[in-house]
Amino acid sequence: MPMIEQVIGPSTEEAAASILERCEALARITDEPGRITRGFLSPAMAEVTTLVARWMEEAGLQTELDIVGNLIGTYPCTDDDAPVLVLGSHLDTVSDAGRYDGILGVLLALAAVEALDRAPLPFALELVAFADEEGLRYGVPFLGSRAMVGDLDPAWLRRRDREGVTMADAIKAWGGDPTEVRCRYAGRRMIGFVEAHIEQGPVLEQRGLPLGILEALSGACWMRIRFDGCAGHAGTTPMALRRDPVPAAAEMVLAVEHLALREPDLVATVGKMRPSPGASNVIAGSVEMSLDIRHPDDRCLARSIESLLDNCRSIARRRDLQMHHEVLHRQRGVEADARVSALLRETANAVGVETGELALGAGHDSLIMARIMPMAMLLLRSPGGVSHHPDEAVLPADVGDAFDVLHAFIQRLARETVPDDRKTDPVFIRVDGDSGSTGVDLDCKG
Ligand code: GLV
Ligand code: MN
Ligand code: MN
């Protein structure tokens, strides 16, 4: 197998301009006119997926869609047993999103692959555009990457979206069979998963660095909490006789903030709250709220969750309410793979880009892919630290730097992957069995 040496590709500036133009093109495809919003298997997701598939094919990748709508572009490789490098990120968004969260990682990887100009590689390369990372439609995240590692919780298939469509029916309507979820990489030898992503926080900007290399991703828990009381007339029910769940929810929100301010590195957010029936002249009968809580140390996360739940129970008791909670998602934090990350860092040094190391509290497809293969992330500075917001931004020069690093990383890996000794090279791991489990208990959903 000839190894690639120097590939003549587009200039850094040309590549960055084309990546950013593509981000703009995708930003125009939305489920909500006037905002960027794309949910799992929605019409806008179908449209962006078709467009990105066309770009992948023009770059010489063979494309396929898996049963949940993940788009996979495979670089030509004649050796079925070649170890696999996976690059990618997600194409779905939060509601009223920015242009870059997830999308930029897919398009950066695509540009880096395009710049190889179809030169043969001594490993298999797959570019993945995940169908769901944000959990917008079903309130549970990582549907794309979880399906890819063969771990889509069967209970989730019964969840309903706002129109009452179950996840199972949405997958069937799309043409997939939800009972057919399998780990895509079972039995394959893996080099790893490398995801480029905006930092979504202020750290790189504060340190004056264009790019960062991930150290670790925080663990997280998503919960739904409900207080049930008694609905009533807002004008005729004396205050002392009310069982109003709204003040209980307010106490809970303050308790969440208080705990997170006290506990170093803990972040906790109530992003949704819905009193029902929800009218200005009706005392609510129930309030449902979301809780998103994250910490790099799982023991501290578990302790914090328990303490907040205890707090909720005592608020409910004191106010004569019922309290219910449901854990929707629970994921321990993971560390980035030291070897793949070192290769990424050394490559950045070699192309003259300064990087720093940082841990992240954001959820990423990398958290899930790390269950079955070494994982590394290349992070781009986020101006103003803004993300999950239409003002999300990137600097074109940073996009150029990230393109140079990813492109050079693939070339470097190609030079270092010697076909004859690759079977003993510890950078490759073999994914066992159908479940794709490495035996590391990273998932502890409750
Ligand atoms: C996803 O972007 C998350 O961090 O929730
Ligand atoms: Mn996001
Ligand atoms: Mn993202």
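**Figure 1. Donor spacing at the manganese ion (ligand 2).** Along the sequence, the donor residues of the manganese ion (ligand 2) follow the pattern D-x32-E-x253-H. The model is predicted. The protein donors here are Asp101 (OD), Glu134 (OE), Glu134 (OE) and His388 (NE2). They lie 2.0 to 2.8 Å from the manganese ion (ligand 2). Asp101 sits in the loop between β3 and α3, and Glu134 in the loop between β4 (124–130) and α4 (143–148), so the pair ties together parts that are 33 residues apart in sequence. Both Asp101 and Glu134 are buried.

**Figure 2. The manganese ion (ligand 3) and the bridging aspartate.** His90 (NE2), Asp101 (OD) and His197 (NE2) are the protein donors of the manganese ion (ligand 3). Their distances from the metal run from 2.0 to 2.3 Å. The spacing along the chain is H-x10-D-x95-H. Which residue bridges the manganese ion (ligand 3) and the manganese ion (ligand 2)? Asp101 does, and the two ions lie 3.5 Å apart. Asp101 and His197 link distant parts of the chain, 96 residues apart. Asp101 belongs to the loop between β3 (84–90) and α3 (103–114), whereas His197 is in strand β5 (residues 189–198). Asp101 has a relative accessibility of 7%, under the 20% cut-off, so it counts as buried. His197, at 1%, counts as buried too.

**Figure 3. The shell around ligand 1.** Glu133, Glu134, Trp222, Arg294, Ala362, Gly363 and His388 surround ligand 1. By class, the shell divides into two nonpolar, two polar and three charged residues. Three contacts to ligand 1 are listed below.

- Arg294: a polar side-chain atom lies 2.7 Å from an oxygen atom of ligand 1.
- Gly363: a backbone N or O atom lies 2.6 Å from an oxygen atom of ligand 1.
- His388: a polar side-chain atom lies 3.1 Å from an oxygen atom of ligand 1.

How much of ligand 1 does the protein bury? Taken alone, ligand 1 exposes 190 Å², and the protein buries 90% of that. Two residues of this shell, Glu134 and His388, are also donors of the manganese ion (ligand 2).

**Figure 4. His388 in its loop.** His388 is found in the loop between β16 (375–380) and α11 (396–416). Its phi is positive, about 55 degrees, although His388 is not a glycine. Is His388 buried or partly exposed? With a relative accessible area of 42%, His388 is partly exposed. Its NE2 atom is a donor of the manganese ion (ligand 2).

**Figure 5. Helix α3, mostly covered.** Of the 12 residues of α3, 11 are buried. Among them are Ile103, Leu104, Gly105, Val106, Leu107 and Leu108. Ala109, Leu110, Ala111, Ala112 and Val113 are buried as well. At 1.5 Å a residue, the helix should span 16 Å. The end C-alpha atoms of α3 are 16 Å apart, which agrees.

**Figure 6. Backbone features in two loops.** Ser276 and Pro277 are joined by a cis peptide bond, with omega about 10 degrees. Pro277 is placed in the loop between β10 (273–276) and β11 (282–283). Asp320 is found in the loop between α8 (298–318) and β13 (322–331). Phi of Asp320 is near 55 degrees, a positive value in a residue other than glycine. Asp320 has a relative accessible area of 49% and is partly exposed.

Note on methods. Residues numbered from 1 in each chain as written. Chains lettered and ligands numbered in written order. Predicted model: local features only at pLDDT ≥ 70, side-chain atom pairs only at ≥ 80, totals over all residues. Heavy atoms only, no water. Near = heavy atom within 4 Å. Polar contact = N/O pair within 3.5 Å; in protein donor to acceptor, adjacent residues only side chain to side chain. Areas by Shrake-Rupley, 256 points an atom, 1.4 Å probe, with all protein chains shown as cover. Nonpolar A, V, L, I, M, F, W, Y, C, P; charged D, E, K, R; others polar. Donors = N, O, S within 2.8 Å, 3.2 Å for Na, K, Ca; no water. Helix = DSSP H or I, 4+ residues; strand = E, 2+ residues; numbered from the N terminus. Buried < 20%, exposed > 50% of the residue type's maximum accessible area, 1.4 Å probe, protein only. Expected span 1.5 Å × (residues − 1).
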